[in-house]
Amino acid sequence: MVGPNKAVSPPECVMQGERIAILASGVWPEADDLRRILDGVDYVIAADGGDAQAVKRGIPVDEVIGDLDSVSSEDRRRLEGENGPRVRLYARDKDWTDLELAIDRGLGRTPTKLLVVGALVSGLSLLTYPF
């Protein structure tokens with residue numbers, strides 16, 4: 001976690017052309033559909049509250065991005081643990097939403113496909129950006 005008590009991790013290896021999933025906290029597809037959608041994804045980024053939904057569904061997350069205002073104290077302890085995902089912590093007062101930050105981070109990894117799950121509060125809940 002980047003923050004007052006954690007050191008910044010060394011730069012990670014980024015795989016060009018990977019499939020990235022961004023998990024937001026909106027409406028998610030049913031479990032079988034979700035497994036099919038996430039099959040073959042190389043890297044998973046949760047936008048703040050999307051992490052809690054991932055944990056409930058047993059989806060491993062590589063990175064959590066946001067101000068963590070939607071994260072419970074229990075989940076915060078898990079994220080701060082040694083085996084938790086990488087966390088990019090942002091101030092609450094910022095110009096971008098947590099989802100925008102997560103999408104920007106995903107695009108920065110130069111994916112061939114970017115899937116956004118749970119971006120909307122009702123109706124269609126999956127957005128795909130093929131490149």
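Which backbone nitrogen does the side chain of aspartate 67 reach? In this predicted model, where local features need pLDDT of at least 70, side-chain atom pairs count only at pLDDT 80 or more, and totals for chains, interfaces and linings use all residues, the partner is the backbone nitrogen of aspartate 69, at 3.0 Å. Residues are numbered from 1 along each chain as its sequence is written, and side-chain values use heavy atoms, with hydrogens and water left out.

Aspartate 67 also uses its side chain for a polar contact with the side chain of lysine 94, at 2.8 Å. (A polar contact is a pair of N or O atoms within 3.5 Å; within protein, one must be able to donate a hydrogen and the other to accept it, and residues adjacent in sequence count only if both atoms are side-chain atoms.) Aspartate 67 sits in the loop between strand E3 (63–66) and helix H3 (73–80); helices (H or I, at least four residues) and strands (E, at least two) are DSSP runs, numbered from the N terminus. With a relative accessible area of 9%, aspartate 67 is buried, where buried means under 20%, exposed over 50% and partly exposed in between (1.4 Å probe, protein chains only). Leaving aside neighbours within four places in sequence, its contacts (heavy atoms within 4.5 Å) include Arg76, Tyr90 and Asp98.

Zooming out, the protein chain has four helices and six strands, in the order β-α-β-α-β-α-β-α-β-β. Of its 131 residues, 40% count as buried. Strand E5 (residues 113–117) is largely enclosed by the rest of the structure, because four of its five residues are buried. E5 runs parallel to strand E1 (residues 19–23), and five bridges join them; strands pair if DSSP finds at least two bridges between them. Within this pairing, isoleucine 20 stands opposite leucine 114.

Then there is leucine 99, in helix H4 (residues 98–108). Leucine 99 counts as partly exposed because its relative accessibility is 22%. Setting aside neighbours within four places in sequence, leucine 99 is in contact with Ile22, Ala24, Ala47, Val116 and Ala119. Its C-alpha lies 8.1 Å from that of isoleucine 65, though 34 residues separate the two in sequence.

Leucine 99 also turns up in the second largest pocket, among the residues nearest the centre, along with Ala24, Ser25, Ala47 and Asp98. A pocket is an open set of points on a 1 Å grid over the protein atoms alone, where a 1.4 Å probe fits, with protein on both sides within 12 Å along at least five of seven lines; lining residues have an atom within 4 Å of a point. This one is lined by 13 residues.
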